[in-house]
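The following exercises are to be worked with the sequence and the three-dimensional model side by side. Each task is followed by a solution in steps.

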Amino acid sequence: MRSTTFDGALKIDEGVSTSNLTSIATARIGPRPPPSDWASVSMDCVARTRYEVAFCHSLLKPDGALVEAIGDRKALLVTTPSVDRIHGAAIRAALQKTNTVSTLVLNAREETKSMELVAAVCNEALSHGLNRTGLLISFGGGVCSDVVTVSASLIRRGVGHIRVPTTLIGQIDAGIGLKGAVNFCGKKSFVGCFHPPEQVLIDPAFLQSLPRRYLVSGVAEAIKMGIARDPTLFELIEARALDLVTSGFDEPAAEGRELLQRSVWGMLDELRQNPYEDQGYERLVDFGHTFSPALEAAMGFDIQHGEAVAIDMAMSTTIARSLGLIGADIWQRIVKVLKTASLPIFASRLDLQLCRDALVEARRHRGGSMNLVVPAGVGRVVFLKDADDLPDSVLESSLESLSSCAAGVA
């Protein structure tokens with residue numbers, strides 16, 4: 001192997017041949033001139049943010065997109081017991097001709113999403129000698145991709161990773177962003193990173209093997225994008241959500257593809273504007289994600305993420321009605337689409353104290369403003385920034401109204 005070194009940076013041991021070394025003379029200071037003021041000097045770090053989200057078919061074939069994406073790199077695939085039970089044999093057969101060193105099956109669920117799982121991935125990578133050009137592959141839902149993303153950011157200070165999401169939430173939300181996170185000390189997704197994947201490979205065929213509850217949970221994230229920015233998507237869900245869930249997104253096929261495509265494009269378009277969340281803390285995609293993290297933790301994660309998001313959206317929509325931002329007609333339309341998709345709109349653990357605590361945590365996470373996203377119509381949202389915008393009286397009346405609606409009380 002040929003080595004290259006900078007002038008003066010390598011000490012040559014006596015008696016060692018230097019025929020395989022090339023010395024490159026270089027200036028001590030790079031092409032920029034030295035600063036005139038040495039009080040501080042700058043380092044411009046350009047982060048890689050571009051990656052591809054590809055819609056694929058027959059992803060698990062030996063000549064499919066995943067095998068092509070791996071190439072000749074040493075890879076470690078991480079999956080979960082349920083995905084391994086359904087697709088394990090097919091994925092192992094497809095990867096036989098690659099340099100995939102191991103398939104690690106992790107019991108990755110929301111309640112187990114922790115640094116312990118990250119450590120397990122890192123240990124597996126170490127034991128198989130994964131190098132800087134090595135690759136991690138997450139083959140599962142959003143929790144699996146969360147764990148793998150954090151692991152990839154840590155191994156050798158950052159290796160590449162590819163996501164193959166197998167759930168609806170993974171394909172339209174959790175699996176297509178830049179972030180990864182795990183729970184810590186009872187706080188959902190408290191420890192995490194921004195570490196973009198190289199590629200996200202989406203095969204809608206995986207959805208046909210999902211239990212109905214998981215599909216319904218994923219529809220919540222599509223509803224989020226419809227309410228927040230895409231009335232056409234919302235209307236599609238109003239008309240077809242039940243049929244799509246019943247068929248595993250196979251029928252009607254055209255509408256299923258459109259729901260996936262519009263949801264993915266909407267999410268990527270929003271993330272593109274502020275990918276590292278350092279250009280401000282008003283994020284449209286936070287709709288449904290203010291009360292839901294606290295609700296998931298309070299319920300011991302005995303609730304699907306999308307179910308918690310649906311309850312959050314119902315609460316935020318009811319707050320918007322209480323404040324006069326929307327009328328009863330828009331409120332009824334949004335609540336009806338949640339119910340029609342078999343999503344919950346209320347949980348007994350959603351009370352005034354949980355809402356207060358969630359808003360305090362939101363302010364900590366969002367630069368000092370709660371930035372609660374509430375609808376101002378279908379396809380449009382506004383941000384409630386200050387505590388004065390949302391007095392306890394509005395929270396209490398909204399909780400009472402939503403509880404009555406969930407109980408079927410007029």
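**Exercise 1. Aromatic pairs**

How many aromatic pairs does the structure hold? Classify the pair Phe139 and Phe206, and then the pair Phe184 and Phe190, by geometry.

*Solution.* The model is a predicted one, and it holds three aromatic pairs.

Step 1. The ring centres of Phe139 and Phe206 are 5.6 Å apart and the planes meet at 70 degrees; planes over 60 degrees apart count as edge-to-face, so this pair is edge-to-face.

Step 2. Locate the two partners. Phe139 belongs to strand 6 (residues 135–140), while Phe206 sits in the loop between strand 10 (199–202) and helix 6 (212–229), so the pair ties together parts that are 67 residues apart in sequence.

Step 3. Consider accessibility. Phe139 has a relative accessible area of 1% and is buried; Phe206, at 4%, is buried too.

Step 4. Turn to the other pair. The centres of the Phe184 and Phe190 rings lie 6.2 Å apart with planes at 15 degrees, so the pair is stacked. Phe184 is partly exposed, with a relative accessible area of 39%, and Phe190 is exposed, at 52%.

**Exercise 2. A charge over a ring**

Which residue lies over the face of Trp331?

*Solution.* The residue is Arg321, which lies 4.0 Å from the ring centre of Trp331.

**Exercise 3. The nonpolar cores**

Which residues of the largest nonpolar core touch the most other members? Take Phe291 and list its contacts.

*Solution.* Step 1. The largest nonpolar core has 77 residues, and those that touch the most other members are Ile223, Ile237, Phe291, Met315, Ile319, Leu338 and Leu350.

Step 2. With residues up to four places away in sequence set aside, Phe291 touches Asp312, Met315, Ser316, Ile319, Leu350, Leu354, Cys355, Ala358, Leu359 and Leu372.

Step 3. There is also a second, separate core of 21 residues, with Leu104, Ala125, Val143 and Val148 among them. As a general point, nonpolar side chains in soluble globular proteins tend to be buried together.

**Exercise 4. Helix 13 and helix 6**

Why does the end-to-end distance of helix 13 agree with the span it should have? Which of its residues are buried, and what covers them? Examine helix 6 in the same manner.

*Solution.* Step 1. Helix 13 (residues 392–406) has 15 residues; at 1.5 Å a residue, counted over one less than the number of residues, it should span 21 Å, and its end C-alpha atoms are 21 Å apart, which agrees.

Step 2. The buried residues of helix 13 are Val394, Leu395, Ser398, Leu399, Ser401, Leu402 and Cys405. An α-helix has 3.6 residues a turn, so residues three or four places apart point the same way.

Step 3. The cover over these buried residues includes helix 10 (305–322), helix 11 (328–340) and helix 12 (352–365).

Step 4. After helix 13 comes Gly408, with a positive phi near 80 degrees.

Step 5. For the 18 residues of helix 6, the expected span is 26 Å, and the end C-alpha atoms are 26 Å apart, which agrees. In helix 6, 14 of the 18 residues are buried, so this helix is largely enclosed by the rest of the structure.

**Exercise 5. Backbone and burial of single residues**

Where do Arg156 and Glu277 lie, and is each buried or partly exposed? Describe the surroundings of Glu270.

*Solution.* Step 1. Most residues other than glycine have a negative phi. Arg156, which is not a glycine, has a positive phi of about 50 degrees. Arg156 is found in the loop between helix 4 (142–154) and strand 7 (160–165) and is partly exposed, with a relative accessible area of 41%.

Step 2. Glu277 likewise has a positive phi, near 55 degrees. Its place is the loop between helix 8 and helix 9 (292–298); at 14% relative accessibility, Glu277 counts as buried.

Step 3. Glu270 is part of helix 8 (residues 253–273). Its relative accessibility is 18%; buried means under 20%, so Glu270 counts as buried. Beyond its neighbours within four places in sequence, Glu270 is in contact with Met225, Arg229, Leu284 and Val285.

**Exercise 6. The chain as a whole**

What does the secondary structure of the protein chain come to, and what percentage of its residues is buried?

*Solution.* Step 1. The protein chain has 13 helices and 12 strands.

Step 2. Of its 410 residues, 49% are buried.

Terms used
Residues are numbered from 1 along each chain as its sequence is written. Side-chain values use heavy atoms; hydrogens and water are left out. A nonpolar core is a set of buried Ala, Val, Leu, Ile, Met, Phe, Trp, Tyr and Cys residues joined through side-chain atoms within 4.5 Å. Buried means under 20% relative accessible area, exposed over 50%, partly exposed in between (1.4 Å probe, protein chains only). Contact means heavy atoms within 4.5 Å. Helices (H or I, at least four residues) and strands (E, at least two) are DSSP runs, numbered from the N terminus. Rings of Phe, Tyr and Trp (its six-membered ring) pair if their centres lie within 6.5 Å; planes under 30 degrees apart count as stacked, over 60 as edge-to-face and the rest as tilted. A charge sits over a ring if NZ of Lys or CZ of Arg is within 6 Å of the ring centre and within 35 degrees of the ring normal.
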